[in-house]
Amino acid sequence: MINLDKTFNLLESAMDVRASRHKAIAENIANMDTPGYKSKDIDFAQVLRAKVGEGVSMAATNTKHIQAGADGSASLEAHGLQSDREHGLDGNTVNAEGEMVKLAENTLMYNASAQILSSNFRTLRSAIQGGR
Amino acid sequence: MDFFGSMDISASGLEAQRIRMNVIAGNLANAGATRTEKGGPYRRKDVVFESSSTEFSKALETASGKQQGSVKVVDIVEDNTPFRKVYDPGHPDADKEGYVSMPNVSVPNEMVNLISATRSYQANITAVNAAKSMAAKALEIGR
C-alpha cells in the first residue's frame, strides 16, 4: 500500500510554509513605500526540511539558500532572508516586480499542493469503497 | 494556516495608501489656495510611513496582539520648502511689489505620487486576492 500518511504530512507542511511565505510577501508589499524597510523572504526548502525532518532532501541551488541546520525551528524570524540590495535612496529594499512574481508563484504552488492533497484523499476514498 | 494575519497586513497597506491618496487629493485641491486658517498660503502635506517592526512598536504590537510587519501612517507633516512667488499685482493677497505667495504644491509631482500610491494600492489588493484564493482552495480539500 502506498504510504499516504507520509504524503499527507509532507503536503500539509508544504502548505503551512507556503502560507507563512505569503505572509512575508504581503508584508513586503504593504511596506513597499516605507523608508528604510528591508524586504524579507522565507527559504521554502530549508523551512520545510526543518518541519518534516530529513525525510525530504532538497538541493541548495542558490548561494542565498541557508544550509540545513539541526535547530528544527521554523519561525519567520529565524529563516527570514533579508535582501541587501537597495533600490532607492530611502533605504527601502523591496523590489515591487519581484514581489509580485513571488506572490504569483507562491499562490500557484500552494494551490498545486492543495490539489495534490485533494487527489490523494480521493485515492484513499476509492480504496475504502473498494473501487466502486 | 494563518491567512487572516496576511490579510491584516495587506489591509494595513491598503489603509496607508488610501490615507496617502487623501493627502495628495488635499494638496491638489489646495494648489491655488492663498488663504488658510493659520494665515498665509496652503502648505503641501506629506505622509510618513512606518513599518511596525521597529523595536518600540514591536513590543507594543505584541502586547496589544496586533499583526507585526504591517505598515501605518505615523504622521502627516508639512512641506517646509518656500512658497512660489507669482507676479500678479491685481491679486488681493499681492505684496507691495505685486508678488503673490502661492502654495508650494507642484501639480506634476502630486500626480506622480498619486500614480505611485494607486499602484501600491493595487499591489496590496492582489496580495489580498491571492490569500483569498489560497484559503478557498484549502477549503476544497476533501471534496
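This is a short tour of a predicted two-chain model, one selection at a time.

**Stop 1: chain A**

Select chain A and colour by secondary structure. There are four helices and two strands. Trace the chain from its start and the order reads α-β-α-α-β-α. Now colour by burial. Of the 132 residues in chain A, 31% are buried. Turn to the contacts between residues at least 6 apart in sequence. In chain A, 69% of these join residues at least 24 apart.

**Stop 2: chain B**

Switch to chain B. Here you will find three helices and four strands. Along the sequence they run α-β-α-β-β-β-α. Buried residues account for 24% of the 143 residues in chain B. Apply the sequence cut-off of at least 6 again. In chain B, 65% of such contacts link residues at least 24 apart.

**Stop 3: where the chains meet**

Show both chains and select the contacting residues. Chain A contributes 26 residues, and chain B contributes 29. Stay on the chain B side. Its elements giving two or more residues are α1 (3-29), β1 (45-51) and α3. Which of them gives the most? Pick α3(B): it supplies eleven residues. By type, the chain B side splits into twelve nonpolar, 13 polar and four charged residues.

**Stop 4: a helix pair across the interface**

Select residues 96-128 of chain A, helix α4, and residues 107-139 of chain B, helix α3. Their axes come within 9 Å. The crossing angle is roughly 10 degrees. Angles under 35 degrees count as roughly parallel, so α4(A) and α3(B) are roughly parallel to each other.

Now display the side chains that form this contact. On α4(A), select Ala96(A), Met100(A), Leu103(A), Thr107(A), Tyr110(A), Asn111(A) and Ala114(A). On α3(B), select Ala123(B), Thr126(B), Ala127(B), Ala130(B), Ser133(B), Met134(B), Lys137(B) and Ala138(B). Colour them by type. Ten are nonpolar, four are polar and one is charged.

**Stop 5: the largest nonpolar core**

Hide the rest and bring up the largest nonpolar core, which holds 34 residues. Some background helps here. Nonpolar side chains tend to be buried together in soluble globular proteins.

Select the members that touch the most other members: Ile25(A), Ala26(A), Ile29(A), Ala127(B) and Ala131(B). Both chains feed this core. From chain A, α1 (4-30), α2 (44-52) and α4 each give two or more residues. From chain B, α1, β1 and α3 do so. The top contributor is α1(A), with nine residues.

Zoom in on Ala131(B). Leave out residues up to four places away in sequence. Ala131(B) then touches His22(A) on the partner chain. Within chain B, Ala131(B) touches Phe3(B), Ser6(B) and Met7(B). Ala127(B), another of the core members with the most contacts, also appears in the contact of α4(A) with α3(B).

**Stop 6: a loop in chain B**

Finish at Pro89(B). Find this residue in the loop between β3 (84-87) and β4 (99-102) of chain B. Is Pro89(B) buried or exposed? Count the C-beta neighbours inside 10 Å: there are 11, so Pro89(B) counts as exposed.

Next, draw a distance from Pro89(B) to Tyr99(B). They are ten residues apart in sequence, and their C-alpha atoms are 6.5 Å apart. Then list what Pro89(B) touches, again skipping residues up to four places away. The partners are Ala94(B) and Gly98(B).

Notes: Residues are numbered from 1 along each chain as its sequence is written. Chains are lettered from A and ligands numbered from 1 in the order in which they are written. This is a predicted model: local features need pLDDT of at least 70, side-chain atom pairs count only at pLDDT 80 or more; totals for chains, interfaces and linings use all residues. Axes are lines fitted to C-alpha atoms, for helices over the stretch in contact, and angles run from 0 to 180 degrees between N-to-C directions. Angles under 35 degrees count as roughly parallel, over 145 as roughly antiparallel, 65 to 115 as roughly perpendicular and the rest as oblique. Two residues are in contact if their C-beta atoms, placed from the backbone, lie within 7 Å. Ala, Val, Leu, Ile, Met, Phe, Trp, Tyr, Cys and Pro count as nonpolar, Asp, Glu, Lys and Arg as charged, and the others, Gly among them, as polar. A residue is buried if 20 or more other C-beta atoms lie within 10 Å of its own, exposed if 12 or fewer, and partly exposed in between; C-beta atoms are placed from the backbone. A nonpolar core is a set of buried Ala, Val, Leu, Ile, Met, Phe, Trp, Tyr and Cys residues joined through C-beta atoms within 7 Å.
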